[in-house]
Amino acid sequence: MIEFRAVTKRFDDGTIAVNNLDLVVEAGTITVFVGPSGCGKTTSLRMVNRMIDPSSGTILVDGKDILSVDPPMLRRGIGYVIQQAGLFPHRTVLDNVATVPLLSGWSRSKARGRAAELLELVGLPAELGKRYPVQLSGGQQQRVGVARALAADPPVLLMDEPFSAVDPVVREGLQDELLRLQAELDKTIVFVTHDIDEAVRIGEKVAVFREGGILAQYDRPAELLARPADDFVAHFVGKDRGYRSLSFVDASGVEVGAVPLVQVSEAVEPSGEWRLAVDDRRHPRGWLAPGTTVDGPLVEDVLKPGGSLFEVGQSIRGALDAALSSPSGLGVAVDAEGAVVGAVTATQVLAVIEGLRESRG
Ligand SMILES: Nc1ncnc2c1ncn2[C@@H]1O[C@H](COP(=O)(O)OP(=O)(O)O)[C@@H](O)[C@H]1O
Ligand SMILES: [Mg+2]
């Protein structure tokens, strides 16, 4: 069990990322934190394994105040999975999965044996173990990320938008896989997403956050849909009601605007706005946050991972997903070759959806 008691996080610049959070994550459940980008989901999650410490309040894991546990010790019992898997590019898949057992002092052969079992557990063929992460699809990389987090058999798993960079169809496969795994493993999982559809699909309990790091509602999915606590939640989950059918509406009803670009490997002037970094084929590589200083040529390490992309002319669900998952709030539109065309905001996409609803009556 994980318990947040009056937890607040205020960053040095005054941003309140999490505001007086009271919440209990029950053991052996999948609990989802959902909300638009910037509402404090990642901060809440990272306070559990002490990558970030709260400004005030207390977090208990299994009844124990985590400030009394030394962070490396704490993290041994907590697996962590992030967007785009965060795999080590220069290690094979098998060695990526074996990382934690090796760090805990297992012999190389025992650690590799365990890694091979885990690959099978997450539904990957053994021969993929010899490949490097770039040689896998996005969905396969995410599975490896899950296998790696499970390697030390931690009772708690924190997952931060683990499936957000893959397209909605692959994402559904990964969700099914996670539900199957959980039926077998019975972990305490906290899963962060911006996608309400994903939240109600996999969450036994769902916490809806709003801007300012405020918990708007914490309930079972059916309750959220049936009895939203306020207008914000109603609006947020309301998208879900027409959500499936959105997949069939062409996104070209949304006007794609310009997006400021910077190029990887080139010098960049400072700026107060979010800019999208692209490579020489104009393929998106991530976002450069406002005020980031870059000395010399732009390297990918300083970029924030982007959300999903949508292809112009494809379903409007993809456009909404792209905007909601993007750290800048701008959903990136690409052409059939994957080159950047421009960007849309969630507000723009939602306005089009509202318009469609009205015209349908
Ligand atoms: N290190 C930091 N310093 C200042 N502000 C931060 C920092 N990390 C996150 N924030 C801000 O805190 C808020 C919540 O961020 P985050 O928890 O990452 O949101 P989410 O995961 O829901 O997108 C945002 O306004 C974000 O810009
Ligand atoms: Mg986040």
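What follows is a chat between two people about a predicted model.

Colleague: I'm new to this one. Where is Leu21, and why is it called buried?

Modeller: Leu21 is in strand 2, residues 16–25. It has 25 other C-beta atoms within 10 Å, and buried takes 20 or more, so Leu21 counts as buried. Leaving out residues up to four places away in sequence, Leu21 touches Phe4, Val7, Ser44 and Leu215.

Colleague: How far is Leu21 from Gln263?

Modeller: They are 242 residues apart in sequence and 39 Å apart in space, C-alpha to C-alpha.

Colleague: What makes Arg50 buried, exposed or partly exposed?

Modeller: Count the neighbours: Arg50 has 18 other C-beta atoms within 10 Å. Exposed needs 12 or fewer and buried needs 20 or more, so Arg50 is partly exposed. You'll find Arg50 in the loop between helix 1 and strand 4 (56–61).

Colleague: What does Arg50 touch?

Modeller: Setting aside neighbours within four places in sequence, Arg50 is in contact with Ile66, Pro71 and Leu74. Arg75 is 25 residues from Arg50 in sequence, and their C-alpha atoms are 8.2 Å apart in space.

Colleague: Why does Pro327 count as partly exposed?

Modeller: Pro327 has 17 C-beta neighbours inside 10 Å. Partly exposed lies between the cut-offs of 12 and 20, so that's the label Pro327 gets. Pro327 is in the loop between helix 12 (316–325) and strand 15 (330–334). Its contacts, leaving aside neighbours within four places in sequence, are Ser37, Trp287 and Lys304. The C-alpha atoms of Pro327 and Ala289 are separated by 8.5 Å, with their positions 38 residues apart along the chain.

Colleague: What is said about phi in Asp153 and Glu161?

Modeller: Most residues other than glycine have a negative phi. Asp153 has a positive phi, near 55°, and Glu161 also has a positive phi, about 45°. Neither Asp153 nor Glu161 is a glycine.

Colleague: Where are they, and are they buried or partly exposed?

Modeller: Asp153 is in the loop between helix 6 (138–150) and strand 7 (156–160). With 13 other C-beta atoms within 10 Å, Asp153 is over the exposed limit of 12 and under 20, so it is partly exposed. Glu161 is in the loop between strand 7 and helix 7 (168–185). Its 24 other C-beta atoms within 10 Å pass the mark of 20, so Glu161 is buried.

Colleague: How do you know that helix 6 is roughly parallel to helix 7?

Modeller: Helix 6 and helix 7 pack at an angle of about 30°, with their axes 10 Å apart. Angles under 35 degrees count as roughly parallel, so helix 6 is roughly parallel to helix 7. Their crossing is right-handed.

Colleague: Which residues make that contact?

Modeller: Gly138, Gly139 and Gln142 come from helix 6, and Val170, Gly173 and Leu174 from helix 7. By class, that is two nonpolar, four polar and no charged residues.

Colleague: Why are there four polar residues in that contact?

Modeller: Gly is put in the polar class, so Gly138, Gly139 and Gly173 count there along with Gln142.

Colleague: Last one: which residues are around ligand 1?

Modeller: Among them are Phe11, Asp13, Thr15, Ser37, Lys41 and Thr42. Helix 1 (residues 41–48) gives the most to the shell, with three residues. The shell has three nonpolar, seven polar and two charged residues. Asp and Lys belong to the charged class, so Asp13 and Lys41 count as charged.

Definitions and conventions. Residues are numbered from 1 along each chain as its sequence is written. Chains are lettered from A and ligands numbered from 1 in the order in which they are written. This is a predicted model: local features need pLDDT of at least 70, side-chain atom pairs count only at pLDDT 80 or more; totals for chains, interfaces and linings use all residues. Helices (H or I, at least four residues) and strands (E, at least two) are DSSP runs, numbered from the N terminus. Axes are lines fitted to C-alpha atoms, for helices over the stretch in contact, and angles run from 0 to 180 degrees between N-to-C directions. Angles under 35 degrees count as roughly parallel, over 145 as roughly antiparallel, 65 to 115 as roughly perpendicular and the rest as oblique. A crossing is left-handed if the near helix is turned anticlockwise from the far one by less than a right angle, and right-handed if clockwise. Two residues are in contact if their C-beta atoms, placed from the backbone, lie within 7 Å. A residue is near a molecule or strand if its C-beta atom, placed from the backbone, lies within 6 Å of it.
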